[in-house]
Amino acid sequence: MELADAIEEVKTTCRFCNRKAVFNLRHDPEGRALVDGPTVLLGTEECYSPTCFECYQSRIDEAKAAAAGEFTAR
Ligand SMILES: [Zn+2]
């Protein structure tokens with residue numbers, strides 16, 4: 001029974017790399033992370049996916065970089 005519990009605990013795996021998920025990433029239907037900021041799109045459907053620390057960080061950094069790029073390009 002204790003073993004079954006341990007297996008149950010790691011059942012949630014990262015959507016992107018299958019490591020153990022520790023975050024719930026908010027993202028759009030294309031998998032781009034949604035971050036709070038000036039470029040949050042109205043009407044964008046929000047999705048949540050279990051995500052490991054590494055993927056969460058890289059997705060957020062990517063989204064912030066993209067948002068910063070869009071912002072300065074105007
Ligand atoms: Zn991952």
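With 11 C-beta neighbours inside 10 Å, C17 counts as exposed. This residue of the predicted model lies in the loop between α1 (2–9) and β1 (23–27). Leaving out residues up to four places away in sequence, C17 touches C52 and C55. The C-alpha atoms of C17 and E54 are separated by 9.4 Å, although their positions lie 37 residues apart along the chain in the sense of sequence separation.

**Overall arrangement**

The protein chain has two helices and two strands. Read from the N terminus on, these elements follow the order α-β-β-α. Of the 74 residues in the protein chain, 16% are buried. Among contacts between residues at least 6 apart in sequence, 65% join residues at least 24 apart.

**The nonpolar core**

The largest nonpolar core consists of nine residues: C14, A21, L25, A33, L34, C52, C55, Y56 and A63. Helix α2 (residues 53–73) gives the most to this core, with three residues. In soluble globular proteins, nonpolar side chains tend to be buried together.

Two members of the core, L25 and C55, may be described further. L25 touches A33, Y48, S49, T51, Y56 and R59, when residues up to four places away in sequence are not counted. C55 is placed in helix α2. Is C55 buried or exposed? C55 is buried, because 20 other C-beta atoms lie within 10 Å, and the cut-off for a buried residue is 20 or more. With residues up to four places away in sequence again left out, C55 touches C14, F16 and C17. The C-alpha atoms of C55 and L25 are 9.2 Å apart, and the two residues are 30 residues apart along the chain.

**Strand β1 and the loops**

R26 is found in strand β1. With 17 other C-beta atoms within 10 Å, R26 is partly exposed. Which residues does R26 contact, leaving aside its neighbours within four places in sequence? The contacts of R26 are A33, L34, E46 and Y48. Of these, A33 and L34 also belong to the largest nonpolar core. R26 and C47 are 21 residues apart in sequence, with 5.7 Å from C-alpha to C-alpha.

G31 has its place in the loop between β1 and β2 (47–51). G31 counts as exposed because it has 12 C-beta neighbours inside 10 Å, and a residue with 12 or fewer is exposed.

N18, like C17, is in the loop between α1 and β1. N18 is exposed, with 9 other C-beta atoms within 10 Å. The phi of N18 is near 70 degrees, a positive value in a residue other than glycine. Most residues other than glycine have a negative phi.

**Separation in sequence and in space**

The table sets out residue pairs by their sequence separation and their C-alpha distance.

| Pair | Separation in sequence | C-alpha to C-alpha distance |
|---|---|---|
| C17 and E54 | 37 residues | 9.4 Å |
| C55 and L25 | 30 residues | 9.2 Å |
| R26 and C47 | 21 residues | 5.7 Å |
| G31 and Y48 | 17 residues | 9.4 Å |

Contacts also link residues named in these pairs to other parts of the chain. Y48 is touched by L25 and is in contact with R26. C55, in helix α2, touches C17, which is located in the loop between α1 and β1.

Methods:
Residues are numbered from 1 along each chain as its sequence is written. This is a predicted model: local features need pLDDT of at least 70, side-chain atom pairs count only at pLDDT 80 or more; totals for chains, interfaces and linings use all residues. A nonpolar core is a set of buried Ala, Val, Leu, Ile, Met, Phe, Trp, Tyr and Cys residues joined through C-beta atoms within 7 Å. Helices (H or I, at least four residues) and strands (E, at least two) are DSSP runs, numbered from the N terminus. Two residues are in contact if their C-beta atoms, placed from the backbone, lie within 7 Å.
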